[in-house]
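User: Could you take a close look at one part of this model for me? I'd like to hear about the packing inside.

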Amino acid sequence: MNLAKWKETGIGLLGRGALAALIAAGSLLAPAGSIRAEGGGTIRVALYADIGSKYKSTVPLVTLQSEQSFSLLSAAGGAPLLSVPAQNRVRVSLDGFRVKVMETPSWQTAADGAKKLQAASLKPQIFMATRSGSKVYQLYTGGYASESAARNGLSSVMKAGLALPDGQTPAVAGTKRLSAGTYPTLEEAQAAVNTLTGAGLDAWPVFVSGEGGSARTEVWVGEASSDSELADISATAAAQLPQLALTPVAQGTPAVIIRMDAGFDLNSEVQVFHYMLTGSNAKFMVSGNEKGIMLTERSKRVYRGDLELGNLNGSLSVINVVPVEQYLYAVVGGEVSSSWPEEALKAQAVAARSYALSQGNRFEVANVVDTTLSQVYNGIGAEAPSIIKAVDATAGEVLKSGGKTVEAVFSSNSGGVTADPSEVWNSGGSNFASVPSAEDAAAVGSAKKWYYMLLDNGVSGYAREDNIKLTGSKTAAGLPLATATVKDVNIRPLPVVDSSAAPTGKLNPGQNAVVLNQVFESGSYSWIKGPYSSADLLKSLAGKTSGTLPSTITTLEVTRRGPSGRAVEVKANGQILQVKYPDLFRSSFGGLPSTLFDIVPAGSYTVLGADGATASIGSTASAGVLSATGQVSSTGSGTVVMGADQATRVVTGTPGFYFIGWGYGHGLGMSQWGVKGMADKGYDYKQILQHYFSNVTIIKE
């Protein structure tokens, strides 16, 4: 492929008129350079991929852009195909079945149609082509995974109420094509494209993968959905252009079809190159640069290293191939704050490196993914000088045990004590054990506490301590009284500011409330969730337990705990809720932060009799209470009860269950807030790691 000649002549990928417009707009592709991500140990991070039950995150197309030019390669280490100039955008999608809706010389007509299709929950695409040197706009929907899905899409298009050009009828477009041969240069390929499109046929330049990362330039014709349609296209071409010999393209041939996208913005015409990957095993590389490549669809994150684009299980896969140490710059920045002490950042770097390198090919096409299923990886935007310094200072260091790299798992906050493997996934090995983690309290630091209070009207809830002051008086039961320091202090249902939850009441200066308890604001160290009704719990439990669920949950209690105190068995109505492993209780109960929790019924309390027997008193029942004046009867709702731990609460008239817990995450291995707390106390990163992981040594590889 004579790329130098292509640059010299300026013919490019379009006809001369279209090319001139693109030069003015700064959108012309230039010949590829040889910039590559630096060598050394790399890691493969799946950003988008369909890996079956292991991981699935898909997108129909991606938009790429960079502050520096970047190149499209035929494969890893393969032939350079094209270079995208700095600040230019390109789009990439998979070739597949589509519905070709219309072709029109008016971009506005195509855009109006696209908006109607979008409103009908269809996925419109607009491509620009030429007919005898003049622009036309082709409106499609798709892509679709199969011809039958495209037929259903066609039916939906017909119901969308579009105004179609005279004589045009939407039809399914497929992946069967004809080749007009191989061409030594892009300009010669484009000349053949112009001849074919001038005859009313659809044709495009194509880069076809060859052996050893090589590539050749071809021209492909048509987008038929069946062999009979392909034969019709061949007959039409033979009748009008007998000098061209067309042969069927073998199904599954890996290639890049080059088209011009005109649907980037449906409010104004913007044209960007669109590369359609075709072939069952298509795989191409975008070679990175020092500024990184922005992936618009992934929250506009910018990534170091290369991006591998391919067809995986019928979906577009995007794999970031990046040097391990550069990957860690973003991982450490995504997992913890760059303002943390240096020793804490070093500990996180070694743990994250160990985890990453222990994964092998866990995700088949990738070592890790970019979510918490592996480690948070948000690209260059998560980096900071302090983090880069910590990663570089520990470069190559990993945790080893028995000659193997340790899968050094970690979570945000263990709530004061880390988990034992038996409390999480029923596995973990000798490198994990429950250890104290008092430094987890660093997460609350100087945070305000909240008062749990009972108002005169029987309403209970929480108010932050900076809006409340103690009066110095107490109730007959010895509970302190408090009042508001400002007008209309909101009494909230939980100890956290949540605009979506209405306050339970208000307190003003001069009005007194009984202080029942004082707690930290709900966060990563401690939290309160609920109350969850029976219906809420049954909905959340559905599909997560192996046994039959009761029709109504009247009692819910932790009946067995592991070494750290985490729940490993919970019973509803006396029946064990069977989960595959204990950590699933988090998702089973509506997404709890951790399994280190107590369950408190909102509308009942338990009484311990002198004979050792217990009885549950509901909100509508009454109980005999022995007071200084003798036995009196107390109804459940509104009753203030104090437990053996001196914690006090109000029994409400609403049935349900509160979860009161500590920690955030599975709790196994290293606690990130505990690391921060230990570093604050002067521990170095090696001491920290050896506290959280058992039987390990730190080795530089």
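Which residues have the most contacts inside the largest nonpolar core, and how many residues does that core have?

Analyst: A word on the basis: this is a predicted model, where local features need pLDDT of at least 70, side-chain atom pairs count only at pLDDT 80 or more, and totals for chains, interfaces and linings use all residues. Residues are numbered from 1 along each chain as its sequence is written, and side-chain values use heavy atoms, with hydrogens and water left out.

Now the core. A nonpolar core is a set of buried Ala, Val, Leu, Ile, Met, Phe, Trp, Tyr and Cys residues joined through side-chain atoms within 4.5 Å, where buried means under 20% relative accessible area (1.4 Å probe, protein chains only). The largest one has 102 residues, and Leu64, Ile126, Tyr275, Tyr327 and Leu689 have the most contacts inside it. Helix 8 (residues 342-357) gives this core its largest share, 9 residues; helices here are DSSP runs of H or I, at least four residues, numbered from the N terminus.

Zoom in on Ile126: leaving out residues up to four places away in sequence, its contacts (heavy atoms within 4.5 Å) include Trp107, Tyr137, Met260 and Leu266. Asp261 and Gln138 also touch Ile126.

Apart from the largest core lies another, of 19 residues, with Leu541, Ala567, Val570 and Phe589 among them.

Leu64 and Tyr275 turn up again in the lining of the second largest cavity, along with residues including Phe70, Val92 and Leu309. That lining divides into 9 nonpolar residues, 1 polar and no charged.

Conventions: 1 Å grid on protein atoms, 1.4 Å probe; cavity = no way out; pocket = protein on both sides within 12 Å on 5 of 7 lines; lining within 4 Å. Nonpolar A, V, L, I, M, F, W, Y, C, P; charged D, E, K, R; others polar. Buried < 20%, exposed > 50% of the residue type's maximum accessible area, 1.4 Å probe, protein only. Helix = DSSP H or I, 4+ residues; strand = E, 2+ residues; numbered from the N terminus.
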